[in-house]
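Trainee: Could we go through this structure together? I should like to begin with the ligands and then turn to individual residues.

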Amino acid sequence: MSDSETDNVGQRKGIAVFLCGCRGEISNKIDLESIASAIKEHPEVVTVGIHESLCSREGQQFLKGEYANKGFDKVAVSACSPNIQGLIISRFLEAEGMNKYLFDQVNIREQCAWVHADRERATSKAKSLLLGALAKVEKLMPLEDIEVPILGSTLVIGGGVTGMAAALDIASSGFKVYIVERSNDLGGRAYKLSMTFPTHNCGICCMQYCKECVFTPKIEDVLQNKNIEVLLNSNVEDMTGGFGNRHVKVKTLEGCKEFDVGTIIVATGSKTFDPTRIPELHYEIPNVITTTELEQLIVKQRELGGGLKRPSDGKNPKTVNFVQCVGSRDKVKGNLHCSLVCCTYAIGQAREIKKLNPGADVYVHYIDLRG
Ligand SMILES: Cc1cc2nc3c(=O)[nH]c(=O)nc-3n(C[C@H](O)[C@H](O)[C@H](O)COP(=O)(O)OP(=O)(O)OC[C@H]3O[C@@H](n4cnc5c(N)ncnc54)[C@H](O)[C@@H]3O)c2cc1C
Ligand code: SF4
Ligand code: SF4
Ligand code: SF4
């Protein structure tokens with residue numbers, strides 16, 4: 001150990017950089033020595049260490065020794081996932097007295113070693129990532145955890161299955177819950193689905209093709225729970241206060257209701273895609289409909305009989321085409337994501353159509369099947 005490395009142990013200043021070889025997973029693919037040599041030149045860096053397994057017991061001993069002897073107060077690591085092994089490594093250092101907020105880790109295993117065949121380019125990318133971490137660590141300030149009192153009541157915005165499940169869980173622990181639902185019913189979208197995957201039952205209960213809702217267990221559980229107050233036809237109008245203690249004003253049909261909560265859960269669900277955003281699909285044509293509109297037609301015809309009828313002239317369609325993934329992976333007119341439900345939903349609806357109109361040909365056009 002050089003004098004300059006030990007000099008600043010008392011006052012703790014500077015950055016330590018540790019590169020993990022992951023027992024060859026990284027070191028066989030990336031030139032860690034060359035990255036270490038380049039990083040050593042950085043003016044804030046007091047030490048650079050390469051270890052083959054930072055998350056192991058030997059790695060822990062290595063870090064312990066480095067922290068005791070090298071005088072740094074901040075650490076940048078290149079290894080694997082910062083959210084898994086990174087937490088273990090930062091906890092080792094925290095146990096030795098380091099402030100955990102002065103730590104950063106980049107993933108050069110999954111993001112470099114495992115995905116690039118070319119050693120030189122993988123090394124160059126790993127070096128860039130580590131320099132990024134170093135730039136971030138330079139600016140980090142030590143923080144202290146504080147405890148803040150939190151009121152034991154919760155506001156849940158949205159009374160769909162997510163909001164109801166959250167409210168029941170919290171209420172069962174003895175806390176007061178307010179559910180604010182803007183429509184006139186609990187249940188959300190699932191309540192409006194006449195059959196859901198994987199069971200082909202109604203979205204809320206266990207029965208198939210139920211005509212009228214007579215008993216909805218989850219909704220009943222919520223309505224009967226003494227710790228849950230349900231505000232239907234309501235909207236949150238204003239919220240003041242701070243972390244753990246918020247004053248909420250809710251506009252209801254009866255007027256304004258005010259209460260204090262410690263936590264808030266936003267469970268407002270999703271919106272269906274607006275097909276007019278893709279003009280070439282000609283949503284203005286009566287027989288071009290969305291799957292949620294098809295759902296209503298299916299429910300209606302199940303009751304009336306006579307098979308599925310097309311909206312334009314009430315005749316049974318000979319062919320039904322599902323155009324899937326509309327608006328998905330479309331940067332310009334749609335969303336980058338995939339809904340993850342419409343594949344299975346369309347397959348379920350195709351089966352229902354075949355039950356209602358056995359002679360109809362049903363085609364499903366898709367980019368891929370992810371749902
Ligand atoms: C076409 C389609 C088919 C599907 N099929 C299936 C299936 O077969 N099987 C399956 O398991 N899942 C299916 N899903 C998914 C399922 O519907 C959702 O996972 C589920 O409804 C999510 O529940 P949620 O409570 O998060 O949201 P939602 O059900 O959307 O509920 C959100 C609630 O919040 C309320 N709300 C919204 N904004 C506010 C506001 N600002 N203030 C107050 N209240 C508000 C809404 O009125 C609604 O009641 C399907 C989804 C779609 C779109
Ligand atoms: S810290 Fe991550 S990269 Fe290093 S040995 Fe452990 S698993 Fe491998
Ligand atoms: S009783 Fe209500 S929740 Fe149950 S299957 Fe019928 S419609 Fe669905
Ligand atoms: S892959 Fe399936 S779930 Fe995803 S957008 Fe296409 S049809 Fe919908």
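**Ligand sites, cores and single residues**

Mentor: Of the 22 residues around ligand 1, those that come nearest are T162, E181, R189, T196 and F197. Please keep in mind that this is a predicted model.

Trainee: How far is the polar side-chain atom of T162 from an oxygen atom of ligand 1?

Mentor: The distance is 2.5 Å.

Trainee: And which residues approach ligand 1 with a backbone N or O atom?

Mentor: R189 has a backbone N or O atom 2.7 Å from an oxygen atom of the ligand. For R182, a backbone N or O atom lies 3.2 Å from a nitrogen atom of ligand 1.

Trainee: What percentage of ligand 1 does the protein bury?

Mentor: The protein buries 78% of the 990 Å² that ligand 1 exposes when taken alone.

Trainee: Which helices each supply at least two residues of that shell?

Mentor: They are α7, residues 161-172, and α8, residues 188-192. The largest share comes from α8, with three residues.

Trainee: How do the shell residues around ligand 1 divide by character?

Mentor: Nine are nonpolar, ten are polar and three are charged.

Trainee: Let us move to ligand 4. Which residues are around it?

Mentor: The residues around ligand 4 are Q324, C325, S328, R329, C338, S339, L340, V341, C342, C343, D368 and R370. By character, this shell has six nonpolar, three polar and three charged residues.

Trainee: L340 is on that list. What is the sign of its phi?

Mentor: L340 has a positive phi, about 65 degrees, although it is not a glycine. Most residues other than glycine have a negative phi.

Trainee: Where does L340 lie, and is it buried or exposed?

Mentor: L340 is in the loop between β12 (319-323) and α11 (342-356). Its relative accessible area is 52%, so L340 is exposed.

Trainee: Which residue in the loop between β7 and β8 has a positive phi?

Mentor: That is N233, with phi near 50 degrees, in the loop between β7 (228-231) and β8 (235-242). N233 counts as partly exposed because its relative accessibility is 30%.

Trainee: Back to C325 for a moment. How far is its C-alpha atom from that of L369?

Mentor: The two C-alpha atoms are separated by 9.1 Å, and the residues are 44 apart along the chain. L369 lies in the segment after β13 (361-365), and L369 counts as exposed because its relative accessibility is 52%.

Trainee: Now the interior. Which residues touch the most other members of the largest nonpolar core?

Mentor: V17, I30 and V75 do, in a core of 40 residues. There is also a second, separate core of twelve residues, which includes M164, A167, I170 and L186. In soluble globular proteins, nonpolar side chains tend to be buried together.

Trainee: What is I30 in contact with, leaving aside neighbours within four places in sequence?

Mentor: The contacts of I30 are I35, I108, C112, A113, R119, A122, T123 and A126.

Trainee: I108 makes me think of S78. Where is S78, and which residues does it touch?

Mentor: S78 is in strand β3, residues 74-79. Not counting residues up to four places away in sequence, S78 touches F18, L19, C20, V106, I108 and L130. At 1% relative accessibility, S78 counts as buried.

Trainee: What about R109: buried or exposed?

Mentor: R109 is buried because its relative accessible area is 17%, and the cut-off for buried is under 20%. R109 lies in helix α5, residues 109-113. Beyond four places in sequence, R109 is in contact with C22, E25, I26, A79, C80 and W114.

Trainee: One last residue, K257. Which side chain does it join in a polar contact?

Mentor: The side chains of K257 and E229 are joined by a polar contact of 3.1 Å. K257 lies in strand β10, residues 255-261, and is partly exposed, with a relative accessible area of 28%.

Trainee: What else does K257 touch?

Mentor: Besides E229, K257 touches Y178, L231, V248, K249, V250 and T252, not counting residues up to four places away in sequence. The C-alpha atoms of K257 and Y67, by contrast, are separated by 56 Å, with their positions 190 residues apart along the chain.

Key: Residues are numbered from 1 along each chain as its sequence is written. Chains are lettered from A and ligands numbered from 1 in the order in which they are written. This is a predicted model: local features need pLDDT of at least 70, side-chain atom pairs count only at pLDDT 80 or more; totals for chains, interfaces and linings use all residues. Side-chain values use heavy atoms; hydrogens and water are left out. A nonpolar core is a set of buried Ala, Val, Leu, Ile, Met, Phe, Trp, Tyr and Cys residues joined through side-chain atoms within 4.5 Å. Buried means under 20% relative accessible area, exposed over 50%, partly exposed in between (1.4 Å probe, protein chains only). Contact means heavy atoms within 4.5 Å. A residue is near a molecule or strand if one of its heavy atoms lies within 4 Å of it. Ala, Val, Leu, Ile, Met, Phe, Trp, Tyr, Cys and Pro count as nonpolar, Asp, Glu, Lys and Arg as charged, and the others, Gly among them, as polar. A polar contact is a pair of N or O atoms within 3.5 Å; within protein, one must be able to donate a hydrogen and the other to accept it, and residues adjacent in sequence count only if both atoms are side-chain atoms. Accessible areas come from the Shrake-Rupley method with a 1.4 Å probe; for residues, only the protein chains shown count as cover. Helices (H or I, at least four residues) and strands (E, at least two) are DSSP runs, numbered from the N terminus.
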